[in-house]
Amino acid sequence: QVLLVESGGGLVQPGDSLTLSCAASGRTNSIYAMGWFRQAPGGEREFVATIKSNGAVTYYGNSVKGRFTISRDNPKNAVYLQMNNLKPEDTGVYYCAAAAVTYVGTRESTYKYWGQGTQVTVSS
């Protein structure tokens, strides 16, 4: 089992920056990749970013490329999402996820473990 706990969400204005954190515990050695997904109000959960355990491979959703950066700190079993130039359409619940498969996926079904989510609201 892997436990994921997100933090760092909040209310910000358009153009602001925010950093989300995710701490993993449990069978962290089984984690091959970690990622972030988000779910807008009334919407479906969508892919945001993912990173391989060694940091060599990263993918970003088209809507966040150039604005968001995913990184991880393996000694701390943590993953981060630096969000810059936030837009109202970035509003949603952000979920940290971990995958045990040996590839870096962008689909929700790729990820076995999920955090409880942290709310990000971008509004003027």
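**Figure 1. Contacts of Gln 13 in the predicted model.** Leaving aside residues up to four places away in sequence, Gln 13 touches Leu 86, Val 122 and Ser 123. The structure shown is a predicted model. Gln 13 belongs to the loop that lies between strand E2 and strand E3 (18-26). Is this residue buried, exposed or partly exposed? Gln 13 is partly exposed, because its relative accessible area is 49%, and the term exposed is kept for values over 50%. Thr 121 gives a further point of reference: Gln 13 and Thr 121 are 108 residues apart in sequence, yet their C-alpha atoms are 8.2 Å apart in space.

**Figure 2. The two faces of strand E11.** Strand E11 comprises residues 118-122, and its side chains alternate between two faces. Which residues point to the buried face? Thr 118, Val 120 and Val 122 point to one face and are buried. Gln 119 and Thr 121 point to the other face and are not buried. Val 122, on the buried face, is also one of the residues that Gln 13 touches.

**Figure 3. The pairing of strand E11 with E2 and E9.** Strand E2 (residues 10-12) pairs with E11 in the parallel sense, over three bridges. Within this pairing, Leu 11 has Thr 121 of E11 as its bridge partner. Strand E9 (residues 92-99) is also joined to E11 by three bridges, but these two strands run antiparallel. Here, Val 93 has Gln 119 of E11 as its bridge partner. The bridge partners named in this legend, Thr 121 and Gln 119, both point to the face of E11 that is not buried.

**Figure 4. The setting of these views in the whole chain.** The protein chain contains eleven strands and zero helices. How far does the chain extend along its principal axes? Its C-alpha atoms fill a box of roughly 40 × 25 × 25 Å. The radius of gyration is 13 Å, which agrees with a compact globule, because a globule of 124 residues would have a value near 14 Å. Of the 124 residues, 42% count as buried. Among contacts with a separation of 6 or more, 58% are between residues 24 or more positions apart.

**Figure 5. Surface and charges of the protein chain.** The accessible surface comes to about 6,200 Å², and 46% of this area belongs to carbon and sulfur atoms. The chain carries 11 positive and 8 negative charges, and the mean positions of the two groups are 10 Å apart.

Conventions: Residues numbered from 1 in each chain as written. Predicted model: local features only at pLDDT ≥ 70, side-chain atom pairs only at ≥ 80, totals over all residues. Heavy atoms only, no water. Helix = DSSP H or I, 4+ residues; strand = E, 2+ residues; numbered from the N terminus. Rg over C-alpha atoms; globule rule 2.2 N^0.38 Å. Buried < 20%, exposed > 50% of the residue type's maximum accessible area, 1.4 Å probe, protein only. Contact = heavy atoms within 4.5 Å. Areas by Shrake-Rupley, 256 points an atom, 1.4 Å probe, with all protein chains shown as cover. Lys, Arg positive; Asp, Glu negative; His and termini not counted. Charge placed at Lys NZ, Arg CZ, Asp CG, Glu CD. Pairing = 2+ DSSP bridges.
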